[in-house]
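Take a look at the sequence and the model shown here. The report below moves through some of its strands, helices and side chains.

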Amino acid sequence: MSAPSIVADSAVEPLVSPVNSHNEWDPLEEVVVGRLDDATIPSHHPVVACNIPPWAARLQGMAAGFRYPRRLIEPAQQELDRFIALLESLDITVTRPDAVDHRQRFATPDWSSRGFCNTCPRDSMLVIGDEIIETPMAWPCRYFETHSYRTILKDYFRRGARWTSAPKPQLTDALFEKGFSTPAAGEPMRYILTEFEPVFDAADFVRAGRDLFVTRSNVTNRMGIEWLRRHLGPGYRIHEIESRCRTPMHIDTTFVLLAPGKVLVNPEYIDVDRLPDILSSWDVLIAPEPDPIDERMLKMTSLCGKWLSMNVLMIDEKRVIAERHHTNMLRALEQWGFEPIPCDLLHYAPFGGSFHCATLDVRRRGTLESYFD
């Protein structure tokens, strides 16, 4: 018996893609939320160690390949469950990746590694309209991370979405600067990545219709940005945001699009006088100082982990889910005319971030617009 065909017939009504998301603020209808199951401490590699505090890198090096301890998993799981319940109470469809064994070792002809986790779908997939792009990530332990999302991806594809994968990187030593050290304050900025091949995390990009903004980082190089620019073609523009962060990784603790005409920026990392001219008519909102976090293990995410106060999820142009602990941010959002919805996700930090990191907005009710013409 032959396999069923999915080729479109001209007489059949065209499929309507379940994937449709052009920006960070249209009304949210469907979202992918990550999983904590079997989260595994990453295999040691310079590209992993360069973005976290030295003490955390030493701990990871000693415990690489072991599952994260229950004392970290359990409070994070409780918060994640409540976050999912909140999304569903807002009539948002929540889908989840498959649970997988991240301790399983895998290899290419050049290297081997164990996995990490699938807590942050924002990193490995980029949604542009009706297309999902699997990104070429620079961490070896994340090489096959999107396999845990394949059930979802195949379902979306069968229902009409476009599904693309960027070139799978080799991740050989040629991609990484030998003997790299994080630049100290006052030193010229440098990155661990060379331009050997294109690599990027989706979380280094944010979308405003036909315009995307990106930060070059220790997981996104110029070649990766150029690959996406050529792939999207002349209908889109990509603007680079200069960051003063010495350990840059992901834009959503630096530059966050909240609504048409409103962008939230990190005053520690952004010089507002050097923002792209295209933003000159927008309100640039300066993020308040984050509330202190006393638990040391919650500072493992990266050296910019304190700014996870900015890692919010827009439900629409007004409503925004933000961390309950960060009262300074909640008050600021209210003053700027938003309606913050407090929620707890503080203990998710050791696994990669907060609300924006933990989600991938697959469908928002809206169309492709240009907000800068």
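## A tryptophan and its surroundings

Leaving out neighbours within four places in sequence, W282 is in contact with W25, L257, A259, P260, G261, K262, V263, Y371 and F372. Keep in mind that this is a predicted model. W282 sits in the loop between β12 and β13. Its relative accessibility is 7%, and W282 therefore counts as buried. One of its contacts is P260. W282 and P260 are 22 residues apart in sequence, yet their C-alpha atoms are 8.1 Å apart in space.

## The sheet next in line

The loop of W282 links β12 and β13. Both strands belong to an open sheet of three strands, in the order β11-β12-β13, with mixed pairing. The edge strands are β11 (255-259) and β13 (283-286), and each of them pairs on one side only. From one strand to the next, the twist averages 30°.

How do strands of a sheet hold on to each other? They pair through backbone hydrogen bonds, either parallel or antiparallel.

β11 and β12 (residues 262-265) take the antiparallel sense, over four bridges. One residue pair shows this: F255 has V265 in β12 as its bridge partner.

## A second open sheet

Another open sheet of three strands runs in the order β8-β9-β10, again with mixed pairing. Here the edge strands are β8 (205-208) and β10 (237-240), each pairing on one side only. Neighbouring strands of this sheet are turned by 25° against each other on average, direction ignored. Helix α6 (residues 222-232) packs on the sheet and touches β8, β9 and β10. The direction of α6 makes about 160° with that of β10.

β9 (residues 211-214) and β10 run parallel and are joined by four bridges. Within this pair, F213 stands opposite H239 in β10.

## A strand covered on both faces

Now turn to β6. In a regular strand the side chains alternate between the two faces of the sheet. What covers the faces of β6 (residues 131-134), and are its residues buried or exposed? Both faces are covered. E131 and I133 on one side are buried, and so are I132 and E134 on the other.

β6 pairs with β5 (residues 125-128) in the antiparallel sense, through four bridges. M125 stands opposite E134 in this pairing. The hairpin of β5 and β6 has two residues between the strands, and G129 there takes a positive phi near 65°.

β6 also pairs with β7 (residues 162-165). These two run parallel, joined by four bridges. I132 stands opposite W163 in β7. Together, β6, helix α5 (residues 150-158) and β7 make a right-handed β-α-β unit.

## Two buried residues of β17

T359 is found in strand β17 (residues 359-364), and D361 has its place in β17 too. Are they buried or exposed? T359 has a relative accessible area of 0%, so T359 is buried. D361 also has a relative accessible area of 0%, so D361 is buried as well.

Each has polar contacts. The table gives the partners.

| Residue | Partner | Distance |
|---|---|---|
| T359 side chain | F355 backbone oxygen | 2.8 Å |
| T359 side chain | H356 backbone oxygen | 3.3 Å |
| D361 side chain | S21 side chain | 3.4 Å |
| D361 side chain | R364 side chain | 2.7 Å |

What else do they touch? Not counting residues up to four places away in sequence, T359 touches V31, V32, V33, F83, P121, R122 and L313. By the same count, D361 touches S21, N23, L28, E30, V31, R122, V127 and R207. V31 and R122 appear in both lists.

## Cysteines without a bond

How many disulfides does the structure hold? It holds zero. C120 is in no disulfide, and the nearest cysteine sulfur, that of C357, is 5.1 Å away. A pair of cysteine sulfur atoms must lie within 2.5 Å to count as a disulfide. C120 has a relative accessible area of 1%, so C120 is buried. C245 is buried too, because its relative accessible area is 4% and buried means under 20%.

Key: Residues are numbered from 1 along each chain as its sequence is written. This is a predicted model: local features need pLDDT of at least 70, side-chain atom pairs count only at pLDDT 80 or more; totals for chains, interfaces and linings use all residues. Side-chain values use heavy atoms; hydrogens and water are left out. Two strands pair if DSSP finds at least two bridges between them. Axes are lines fitted to C-alpha atoms, for helices over the stretch in contact, and angles run from 0 to 180 degrees between N-to-C directions. Buried means under 20% relative accessible area, exposed over 50%, partly exposed in between (1.4 Å probe, protein chains only). A crossover is right-handed if, with the strands pointing away from the viewer, the path from the first strand over the helix to the second runs clockwise. A polar contact is a pair of N or O atoms within 3.5 Å; within protein, one must be able to donate a hydrogen and the other to accept it, and residues adjacent in sequence count only if both atoms are side-chain atoms. Contact means heavy atoms within 4.5 Å.
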